Amino acid sequence: MFPSERAVVFRHGTVLTMDERRSVLTDADVLVIDERIKAVGRRLEVPEGTVEIDAADGIVMPGMVDTHRHMWQTAMRGYGADWTLTQYFVWYYLEHGKLFRPEDIYAGNLLSAVESLDAGVTTTVDWSHGLQTTDHAEAAVDALEAVPGRFVLAYGNIQAAPWDWSAKPEFRAFVERRFGGSDMLGFQMAFDVTGDPEFPERAAFEVARELGAPVTTHAGVWGATNDDSIRLMHDHGFMTPGTVYVHAATLSADSYNRIAASGGTVSVSTESEQSCGQGYPPTWVLRAHDIPVALSMDTSAWWSGDLFSAMRSTLGADRAREHLEAHAVGDTVTHCRLRAEQVVEWATRGGAKALGLEDKVGSLEPGKKADVVLIKNDHSPVMFPVLNPYGHVAFQAQRADVHTVMVDGRVVKHDHRLVDVDLPAVRRTVEATVDHLRGALGDEAWRQGMNPDIPETEVLDNPYTYTGFRSAATHKAAG
């Protein structure tokens, strides 16, 4: 019913518009015609034949935006639950990442894309650093286009130097062939800057500039990228407002000042930073430097693919640090500086702004694309009363409470069920990938991979297999 409808109205909901004033409307409607929001307000008049969705006792909000997710790894859901970041590097970068075929990239992306919609994440960045060949990249995009969500392919390859793969004619041909300016499928280039004073990554930045592609990079990651990376980017003129810095958890004040001055955004993956060891989740210092923040989930090889847990953990980490620092000097925090409404904004409008989509999505305003989420669950005692809607989204709601999801004016989930998604077929696709990987590793290596040994290598100083540069940063810091 829904995919063919041209007009839909959400009736009588609590509407978090996420406009610049963070306006909240009660007993309000959101009217969608074709792919755009036509009106937001109370008791809206609607065209004859408009489909009505009862949003009473629910919260209507913009679709959420995940700015950094390694979607290709989703077929390994939960496999690395006990990993450290070093073990992740060992498994994917050093030992087993090359085992992923194009069809395995497809399987992970397909599952992740469906999972995003189910959780109300209407825009997801596929931080796709497993693209060993353009055949892998074709498979990644095929999967994204098979699911009616909004996606950004961030093209990367951890097995090869960015200055090499970005220079290949087949890479440019792929970009020209698959990306034609649609706001349903965006493009970024994804690579890290090691800190090598020769700055070999310059060539990849120049390709990105020629293509008009934003760069997304893991920055401020303990044992991998540090202040030298930021300084090199800045000194060579490659820090732009469109650059997204993932994690940015172990940087100096000078680096944060450079990010702030250049207008970039930091994608915070709080659960990842807490569990892996990139550094303490940096929202406390980003707020101090007035750096825009977006949220992300990183990878389902560890964590969930929903931004409810991202909002919750981000509030917890930021407030925990604030209390701890106050206690250390004999003080008491009486008012939380980071509020629930701010993390909801980071999960919606903040992500849209980071991706250059703020004029299209991220808020419920007339004229914008209709990416809309209804949080409502009449069968759950957790969904009443709704007294503080921002607090309810951040601390009470979860993916099971996502009632309806609309992307670009199309209803893709309704009454808690995905629309026109063949989950058994997705399962079969993913199971084929798991069977391949398990068979390629063997049962013993498969079991050991959940807690892999650290080989005698310089992985602590340099997880990147394509360069011999090492800074010994972690070993020096550890004495």
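How many residues in the lining of the largest pocket are nonpolar, polar and charged? In this predicted model, the lining splits into 12 nonpolar, nine polar and three charged residues.

**View 1. A look into the largest pocket, with a volume of about 370 Å³.** Among the 24 residues that line this pocket, Ser-182, Leu-185, Gly-186, Phe-187 and Leu-355 are the closest to its centre. Strand E8 (150-155) and strand E9 (185-190) each chip in at least two lining residues. E9 gives the largest share, with four.

**View 2. The second largest pocket, with a volume of about 320 Å³.** Here 15 residues form the lining, and Pro-292, Val-293, Glu-345, Trp-346 and Lys-353 are the closest to the centre. Two elements, H10 and helix H12 (340-354), give two or more residues to this lining. The largest share, six residues, is H12's. By class, the lining of the second largest pocket has five nonpolar, two polar and eight charged residues.

**View 3. Helix H8 (residues 253-262) and its buried residues.** Ser-255, Tyr-256, Arg-258, Ile-259 and Ser-262 are the ones tucked away as buried. They sit on the same side of H8, because they cover an arc of only 155 degrees around the axis. What do they pack against? Their partners are helix H7 (227-235), strand E11 (244-247), strand E12 (265-268) and helix H10 (283-288). Right after H8 comes Gly-263, with a positive phi near 80 degrees.

**View 4. Two cysteines, Cys-276 and Cys-336.** Cys-276 is buried, at 9% relative accessible area, while Cys-336 is partly exposed, at 33%. As for disulfides, the structure has zero.

Technical notes:
Residues are numbered from 1 along each chain as its sequence is written. This is a predicted model: local features need pLDDT of at least 70, side-chain atom pairs count only at pLDDT 80 or more; totals for chains, interfaces and linings use all residues. Side-chain values use heavy atoms; hydrogens and water are left out. A disulfide is a pair of cysteine sulfur atoms within 2.5 Å. Buried means under 20% relative accessible area, exposed over 50%, partly exposed in between (1.4 Å probe, protein chains only). The arc is that of the directions from the helix axis to the C-beta atoms. Contact means heavy atoms within 4.5 Å. On a 1 Å grid over the protein atoms alone, a cavity is a set of points where a 1.4 Å probe fits but cannot get out, and a pocket is an open set with protein on both sides within 12 Å along at least five of seven lines; lining residues have an atom within 4 Å of a point. Grid points are joined across faces, edges and corners, and a volume is the space filled by probe spheres set on the points. Ala, Val, Leu, Ile, Met, Phe, Trp, Tyr, Cys and Pro count as nonpolar, Asp, Glu, Lys and Arg as charged, and the others, Gly among them, as polar.
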